[in-house]
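Me: Hi! Could you walk me through this structure while I have it open?

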Amino acid sequence: MQRRLLADTAYTEHTASAVAGFHRRVIDEVAKAVEHEAVVVVGMAQNPVVKRARKALTQADIPFTYLEYGSYLSAWKERLALKMWSGWPTFPQVFVRGVLLGGNAELQVALADGSLRERLEG
């Protein structure tokens with residue numbers, strides 16, 4: 001089930017344009033990577049949870065593309081745009097074969113139960 005979003009008809013022309021263009025370059029960059037790479041981790045500097053996710057993938061010998069947007073004090077608007085785009089409220093955001101897996105907790109479960117490898121092979 002999708003989360004509820006404001007209807008397309010509920011925007012003024014100006015607002016619709018602003019929403020569509022909000023850090024569009026960043027959204028396009030991540031969308032392109034998610035479309036073309038098997039595993040993509042989107043994160044931020046200085047975040048220990050992001051580091052744990054990257055380390056877990058490295059230890060599992062699973063190659064991934066890492067995209068980093070700022071740290072706690074920088075690029076927060078870019079990260080906000082990514083959260084709005086994906087619907088996922090935290091970082092990292094882990095994508096596997098074009099599908100949002102979730103964050104680090106979901107990654108750890110998928111690594112432990114083998115579903116990540118199944119998704120990669122399937």
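Me: What volume does the largest pocket have?
Reply: Happy to help! Keep in mind that this is a predicted model. The volume of the largest pocket comes to about 450 Å³.

Me: And which residues are closest to its centre?
Reply: Those are Val19, Ala20, Ala81, Met84 and Trp85, out of 16 residues that line the pocket. Two or more lining residues come from each of helix H1 (13-21), helix H2 (24-36) and helix H4 (76-86).

Me: How does the lining of the largest pocket divide into nonpolar, polar and charged?
Reply: There are 11 nonpolar residues and five charged ones, with no polar residues in the lining.

Me: Switching to the surface: which residues form a nonpolar patch there?
Reply: Trp76, Leu80 and Met84 do, and together they have about 310 Å² of accessible area. Met84 is also among the residues closest to the pocket centre. Leu80 belongs to helix H4 and is partly exposed, at a relative accessible area of 34%.

Me: OK, new topic. How many salt bridges does the structure hold?
Reply: Two. One joins Asp28 to Arg24, with 3.0 Å between the closest N and O atoms. The other is between the side chains of Arg25 and Glu29, at 3.9 Å from N to O.

Me: Where do Asp28 and Arg24 lie?
Reply: Both are in helix H2, four residues apart, or about one turn of the helix. Arg25 and Glu29 are likewise four residues apart in helix H2.

Me: Is Arg25 buried or exposed?
Reply: Arg25 is exposed, because its relative accessible area of 56% is over the 50% cut-off. Its partner Glu29 is partly exposed at 37%.

Note on methods
Residues numbered from 1 in each chain as written. Predicted model: local features only at pLDDT ≥ 70, side-chain atom pairs only at ≥ 80, totals over all residues. Heavy atoms only, no water. 1 Å grid on protein atoms, 1.4 Å probe; cavity = no way out; pocket = protein on both sides within 12 Å on 5 of 7 lines; lining within 4 Å. Points joined across faces, edges and corners; volume = space filled by probe spheres on them. Nonpolar A, V, L, I, M, F, W, Y, C, P; charged D, E, K, R; others polar. Patch = residues over 30% accessible without salt bridge, like charges linked within 9 Å, V, L, I, M, F, W, Y side chains within 5 Å. Areas by Shrake-Rupley, 256 points an atom, 1.4 Å probe, with all protein chains shown as cover. Salt bridge = Lys/Arg side-chain N within 4 Å of Asp/Glu carboxyl O. Buried < 20%, exposed > 50% of the residue type's maximum accessible area, 1.4 Å probe, protein only.
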